[in-house]
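Here's a quick walk through one protein chain. Have a look at the fold, then read on.

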Amino acid sequence: ASLNGKPGCPKVAAGRAAEGQAQGFRRFRTSRRPLNVVFERAQDLTERKSGLHSSPAGRERYMEEMPKNYDPSTNEPAILQKWLDGGYYKRREGVGDCTVTIPPPNVTGKLHMGHATDDSIQDAIIRMARMRGKSTRWVLGTDHAGIATQTKVDKKLKEEGISRLEIGRDKFVDACWDWTHEYGGIIVEQIKRMGCSVDFDNERFTMDEDYAQAVRKVFCDWYHDGLIYRGKRIVNWCPNCTTAISDDEAEYKDEKGHLWHLRYPLTEPVNGQDYIVVATTRPETMLGDTGVAVSPKDPEKAAFVGKTVKLPIVDREIPIFEDWHVDANFGSGFVKVTPAHDPNDYAMGQAHDLPQINIFDEHAVVVEGYGEFTGMNRDECREAVIKWFEEHDLLDHVEDLDHSVMHCYRCDAALEPWL
């Protein structure tokens with residue numbers, strides 16, 4: 001039709017639609033019927049059109065088919081399956097690419113609110129790209145969760161009276177695969193139930209052979225290109241799982257402990273004083289001490305700076321120095337520094353060029369070179385060190401102390417700061 005105002009013209013059609021809408025609105029306003037009457041008539045009209053008003057049985061059947069509460073478990077699986085069967089989540093050709101790789105969650109774990117929030121954001125991005133006509137794909141992947149799986153399998157074997165060290169590596173790996181196949185996949189089903197538009201037909205797993213080979217190649221290339229390197233750092237080490245735990249994975253627990261005050265003899269008297277007193281919550285680590293620190297804001301300790309002490313048991317001469325890490329009001333004001341077994345001590349050791357002596361192996365057992373203490377675990381070593389100081393009249397006094405101790409989130413063992 002031409003745009004000349006004749007019938008059939010879009011302008012006329014739009015005008016009539018607007019006028020009809022306005023008249024309907026005016027009729028509704030002038031009818032002055034209560035809203036409940038209006039809604040009842042609308043419902044009545046709908047039921048008549050659907051044939052539900054034709055008989056009492058029809059009306060009763062209608063009430064039975066409409067449950068009072070919405071049950072997602074009975075309604076949503078069928079809808080999800082329809083989406084999957086239709087292939088709506090697969091890659092589609094378009095202009096431009098949009099590929100999102102899901103951060104792989106642990107295959108043996110379960111989704112929490114953090115996953116749900118993150119996946120919802122990714123879903124919004126991928127759906128928006130689809131509607132814009134881009135070639136889109138949301139790649140699904142899961143992580144093998146090696147240490148978490150190992151811990152669970154190890155616990156299961158112990159309950160059966162079996163040690164993973166006895167059965168060997170190959171059989172233990174087989175047991176881990178059995179565990180993964182039995183309990184894995186829960187998180188993928190959760191992602192489906194959330195309605196995430198992931199390409200479920202091409203799931204990847206971090207233990208897939210081609211995937212693992214690609215990871216090894218990339219890391220080797222980066223290493224040879226000087227982009228990554230290995231260096232000694234203080235880590236949160238679990239002597240039970242024999243692996244490092246990140247700071248955000250460590251769990252802190254308040255425990256009742258002690259603050260031991262130990263006497264370290266000075267190599268030369270200072271102001272008539274033959275020894276200093278250091279305060280520590282971990283006397284067993286004194287075997288690895290390479291310095292004693294005081295606060296630069298503590299004038300009472302200024303005369304000791306630059307002097308040295310003879311470390312008991314190992315007879316090692318170590319310096320006294322100032323460092324801002326030290327709180328002058330904590331303990332005696334003298335802090336033993338063990339760079340290989342404390343993050344702050346490591347920083348002080350780096351700043352003051354102190355030797356780094358690791359006294360524990362990967363199982364928190366005292367290494368060779370420490371006489372009667374060699375072969376002891378850290379708890380046994382603590383008791384033996386305290387006893388030695390008592391016998392040599394070098395234990396000044398002991399205080400009760402409530403403090404926070406890092407624990408492994410996997411096995412609950414106390415973590416060891418370890419170089």
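What follows covers the chain as a whole, a small sheet, one helix, the cores and two loop residues.

This is a predicted model, where local features need pLDDT of at least 70 and side-chain atom pairs count only at pLDDT 80 or more, while totals for chains, interfaces and linings use all residues. Residues are numbered from 1 along each chain as its sequence is written, and side-chain values use heavy atoms, with hydrogens and water left out.

**The chain overall**

The secondary structure of the protein chain comes to 12 helices and 13 strands; both are DSSP runs numbered from the N terminus, helices being H or I with at least four residues and strands E with at least two. Of its 419 residues, 35% count as buried, meaning under 20% relative accessible area, with exposed being over 50% and partly exposed in between (1.4 Å probe, protein chains only). Take the contacts (heavy atoms within 4.5 Å) between residues at least 6 apart in sequence: 68% of them join residues at least 24 apart.

**A three-stranded sheet**

An open sheet is built from 3 strands in the order β1-β2-β3, with parallel pairing; two strands pair if DSSP finds at least two bridges between them. β1 (97–101) and β3 (199–205) are at the edges with a single partner strand each, so one side of each has no neighbour in the sheet. From one strand to the next, the twist averages 30°, with axes as lines fitted to C-alpha atoms and angles running from 0 to 180 degrees between N-to-C directions. Between β1 and β2 (residues 135–142) there are 5 bridges, and Asp97 has Ser135 as its bridge partner in β2.

**Helix α8**

How far apart are the end C-alpha atoms of α8? They're 21 Å apart, which agrees with the 21 Å that the 15 residues of α8 (residues 169–183) should span at 1.5 Å a residue; the expected span is 1.5 Å times one less than the number of residues. The buried residues of α8 are Phe172, Cys176, Trp179 and Thr180. They cover an arc of only 100° around the axis, so they sit on the same side of α8; the arc is that of the directions from the helix axis to the C-beta atoms. Their cover includes α6 (146–159), α7 (164–167) and β3. On the other side of α8, the exposed residues are Asp170, Lys171, Asp178, His181 and Glu182. Just after α8 comes Gly185, with a positive phi of about 90°.

**Nonpolar cores**

A nonpolar core here is a set of buried Ala, Val, Leu, Ile, Met, Phe, Trp, Tyr and Cys residues joined through side-chain atoms within 4.5 Å. The largest has 33 residues, and Tyr264, Ile276, Val292, Phe373 and Phe389 have the most contacts inside it. Elements that each supply at least two residues of this core include β6 (251–270), β7 (273–280) and α12 (378–391); α12 gives the most, with 6 residues. Neighbours within four places in sequence aside, Ile276 is in contact with residues including Leu262, Phe304, Val309 and Phe334. A second, separate core of 15 residues includes Ile102, Trp138, Val198 and Phe200.

**Two positive phi values**

Most residues other than glycine have a negative phi. Here are two that don't follow suit.

| Residue | Phi | Loop | Relative accessibility |
|---|---|---|---|
| Thr242 | near 50° | between β4 (235–238) and β5 (243–245) | 24%, partly exposed |
| Ile313 | near 70° | between β9 and β10 | 26%, partly exposed |
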